[in-house]
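Colleague: Hi! Could you walk me through this model when you have a moment?

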Amino acid sequence: MMKLRKVLLSVLPLLAAAEGLAGERGLIDTTRSPHAIMYMPDLADVKWNGGLLGERFEVARSTMVPHLWEILSDPEDSHAWENYRIAAGLAKGDFSGPPFNDGDFLKWVEALAQVYAVTRDPALDAQMDRIIEVVGKAQREDGYLHTQKIIPQRRGEGGIKAREFEEREHFETYNMGHLITTACIHHRVTGKTTMLALARKAADYIGNLCETVPHDLARNAICPSHYMGVVELYRVTREPRYLELARQLIEIRSLVPPEVGSDHNQDRMPFRKMTQAVGHAVRANYLYAGVADVYAESGDKSLFKTIEAISEDVATQKLYITGMTGAIYDGASPDGVDHTQHKYIKTIHQAYGRDYQLPNLTAYNETCATIGYGMWMWRMLALTGDARYADLFEQTLYNGILPGISLEGKDYFYVNPLRKLHDFDWPLRWSRTRTPNIKASFCCPPNVVRTIAEAHNYVYSLSPGTVWVNLFAASSLDTAWTDGSRIKLRQETEYPWNGAIRIVIDEAPKGPVALKLRIPGWVHGDGARLRVNGEPVATGKPGSYAEVKRTWKQGDTVSLDLDFKPALVEANPLVEETVNQVAVKYGPLVYCVESNDLPEGVSLREVAIALEDFGAPVAASREQIDGADVLALTLQAVALQRPAWRPDQLYREVAAVEPRPIDLKLVPYYAWGNRGDTEMTVWIPVR
Ligand SMILES: [Zn+2]
């Protein structure tokens, strides 16, 4: 009996795994998640047909991905690859670079896998094979992967330098989490199990810690990419122990003792007690996205209620107009302690601030935090089908994620201010001009590149008998539902340059299919018109999905026309930094003023918009910035020619000035900082 049980236990996971391996697909595989209502097409089912996002993918393929390899594989520039080679015994030397380099390198491998999924370039497949071989040699036999510790361990060195989980800021679970996620994508793209085998070992290692030293593991969940990773591994393998592990990883967070836990790491209180986004924004958003994944599989409503409340808190009080999160460089969290006792107050950095604390010049807004927010918002959409989350995803994709890399694809922002002035020039730890390398922390570059390489996965979703059109972009979809029935369609549009969208059906199943088209929440009440083969149909409310259900034949056309016009946006007056200022939006895009577009003799600080002038026509023109197409807007504004400020002057009496009318040119915010070291502002004073 014992023997039979043993045999069954050894075979069952393989059977489950075989079943899982056959059915899985997509970037985030919710095809069989009982509590998700939609799933993604497979990784190569959506193709760009030009357009802004298609152009970004092309730059990712041709420049961003190969350029990152040049950096990562150059020991002088990064040492990330060299660390793996040393840990694998293929080179000599010491570990160098930040402790999270292993995971950042693997984010780049994920981008490589996605590009391979689309291009099927055999050279990329071979490159991944070579990398996986080395990563496999670097990984410890028990699954631990963290070259910073493995390198001294292999040399027989002891002490703190070689002891794993000694220092919570060493990101071991982050590194292994990215190994697991990348392995799932690699497996789906190539069908190979080489990297998946490494992922299983890493997850089993984490699983063992979860059973034996859960306190240590919980304490070391820093930028917890492993929550998403382990759920995805469950989706690949269908082995229940990985789902149980993911569930436990959230539960053990409440074991972090009060003297260690902090708002900074979102572990001051048990997860379910949280109502607000707090602390380090990358950690926070990765946590919330990971919890969303656990909920998609487990259906634990108490988890969902928590992330729903926190997402409401972010969207209504802590989110920049650019869809960015993590407003402050350094601060303090007075919560949870006797705040009259200053010595107990804990520090936070690169963190969510208090409600409405959204500075512009000193905005932190790490690119990774915004990417984490996007991953979280897509998951909220998949769990609810609520178009509001698709709006937030779109807002963050265009205005929060795209700015993280230059249009050429080689220079990066680590922090993302919404205003930059040359006189405000004291060092803030990170550069506010784009830089070709960020040696102290190379987390954002591969993160933004993988997200751009993968952006097409978010355009459409599927649910039984339904295609959801979440984003508008020139693209084609050729996919099948899990029941095997196929659909092919094309989306013809110049969005986001205008709001004319045509969807042409190329192939459809015999029975009825519902097309659900997102009507963006920023459209005015009657600003969206939906037609099927030219005949108007009900459009529904902005901020919802309009549904058109019928039996489609080849050539059927659905057109959606969204009114696009420049809009002035103001912030809640509790946001002190934007009082009496407005931002310009056009469709989903947030615009900004850059100093090199100003008329001769006008400085950025003098510019103001007179509300009565805004009714005047706004000129829109297609231009190129660094080889990329953008739509520039020109509107009527004024320059208030005030006397220059002296550096020793903090206040002065207001002097009367004569406003000088000017044509004010604006460019999309994502395109700023591509023409030298400019001044820039998103928010413009109202005269
Ligand atoms: Zn980063």
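Modeller: Happy to; below we go through the metal site, the cysteines, a few residues and some backbone details.

Colleague: Is this one experimental or predicted?

Modeller: This is a predicted model.

Colleague: Good to know. Which residues are the protein donors of the zinc ion?

Modeller: Glu366 gives an OE atom, while Cys368, Cys443 and Cys444 each give their SG. These donors lie 2.1 to 2.3 Å from the zinc ion.

Colleague: And what arrangement do the 4 donor atoms make?

Modeller: The arrangement is tetrahedral, because the angles that the 4 donor atoms subtend around the zinc ion run from 94 to 121°. For comparison, the ideal angle for four tetrahedral donors is 109.5 degrees.

Colleague: How are the donors spaced along the chain?

Modeller: The spacing is E-x1-C-x74-C-C. In that pattern Glu366 is the E, and Cys443 and Cys444 are the closing C-C.

Colleague: Are Cys443 and Cys444 buried or exposed?

Modeller: Cys443 is buried, at 7% relative accessible area. Cys444 is buried too, with a value of 1%.

Colleague: Staying with cysteines, how many disulfides does the count come to?

Modeller: The count comes to 0 disulfides. Cys223, for instance, is in none, and its nearest cysteine sulfur belongs to Cys443, 7.6 Å away. The cut-off for a disulfide is 2.5 Å between the sulfur atoms.

Colleague: Why is there no bond for Cys592?

Modeller: Its sulfur is too far away for a bond, because the closest cysteine sulfur, in Cys444, is 19 Å from that of Cys592.

Colleague: Are Cys223 and Cys592 buried or exposed?

Modeller: Cys223 is buried, with a relative accessible area of 6%. Cys592 is buried as well, at 0%.

Colleague: New topic. Where is Lys516 found?

Modeller: Lys516 belongs to strand 11, which covers residues 513–519. Lys516 counts as buried because its relative accessible area is 17%, and the cut-off for buried is under 20%.

Colleague: A buried lysine, then. What does its side chain make a polar contact with?

Modeller: The partner is the side chain of Glu547, at 3.2 Å from that of Lys516. Beyond its neighbours within four places in sequence, Lys516 is also in contact with residues including Thr466, Trp468 and Tyr545.

Colleague: Okay, what about Leu145, where is its place?

Modeller: Leu145 is in the loop between helix 5 (122–138) and helix 6 (147–154). Leu145 is buried, with a relative accessible area of 0%.

Colleague: What does Leu145 touch?

Modeller: Not counting residues up to four places away in sequence, Leu145 touches a list of residues, among them Tyr84, Asp102, Val135, Ile150, Glu172 and Leu179. With Glu172, the C-alpha atoms are 7.3 Å apart although 27 residues separate the two in sequence.

Colleague: And Arg388, buried or exposed?

Modeller: Neither, since Arg388 is partly exposed at 32% relative accessible area. Arg388 is found in helix 15, residues 387–401. Its C-alpha is separated by 5.7 Å from that of Gly543, which is 155 residues apart from Arg388 along the chain. Leaving aside neighbours within four places, the contacts of Arg388 are Glu312, Ala315, Thr316 and Gly543.

Colleague: Switching to helix 8, how many residues does it have, and what span does it reach?

Modeller: Helix 8 runs over residues 194–212, which is 19 residues. From first C-alpha to last it reaches 28 Å, close to the expected 27 Å.

Colleague: Which residues of helix 8 are buried?

Modeller: Those buried in helix 8 include Met195, Leu198, Ala202, Tyr205, Leu209 and Cys210.

Colleague: Last topic, the backbone. Where is there a cis peptide bond?

Modeller: A cis peptide bond joins Tyr495 and Pro496, with omega at about 10°. Pro496 sits in the loop between strand 9 (486–493) and strand 10 (500–507). Most peptide bonds are trans.

Colleague: Which residues have a positive phi although they are not glycine?

Modeller: Phe165 is one of them, with phi of about 60°, and Arg238 is another, also about 60°. Phe165 is in the loop between helix 6 and helix 7 (172–190), and is buried at 7% relative accessibility. Arg238 lies in the loop between helix 10 (225–237) and helix 11 (240–251), and is buried at 16%.

Colleague: Great, thanks!

How values were computed
Residues numbered from 1 in each chain as written. Predicted model: local features only at pLDDT ≥ 70, side-chain atom pairs only at ≥ 80, totals over all residues. Heavy atoms only, no water. Donors = N, O, S within 2.8 Å, 3.2 Å for Na, K, Ca; no water. Tetrahedral: all angles 85-135°; square planar, octahedral: opposite > 155°, others 65-115°. Buried < 20%, exposed > 50% of the residue type's maximum accessible area, 1.4 Å probe, protein only. Helix = DSSP H or I, 4+ residues; strand = E, 2+ residues; numbered from the N terminus. Polar contact = N/O pair within 3.5 Å; in protein donor to acceptor, adjacent residues only side chain to side chain. Contact = heavy atoms within 4.5 Å. Expected span 1.5 Å × (residues − 1).
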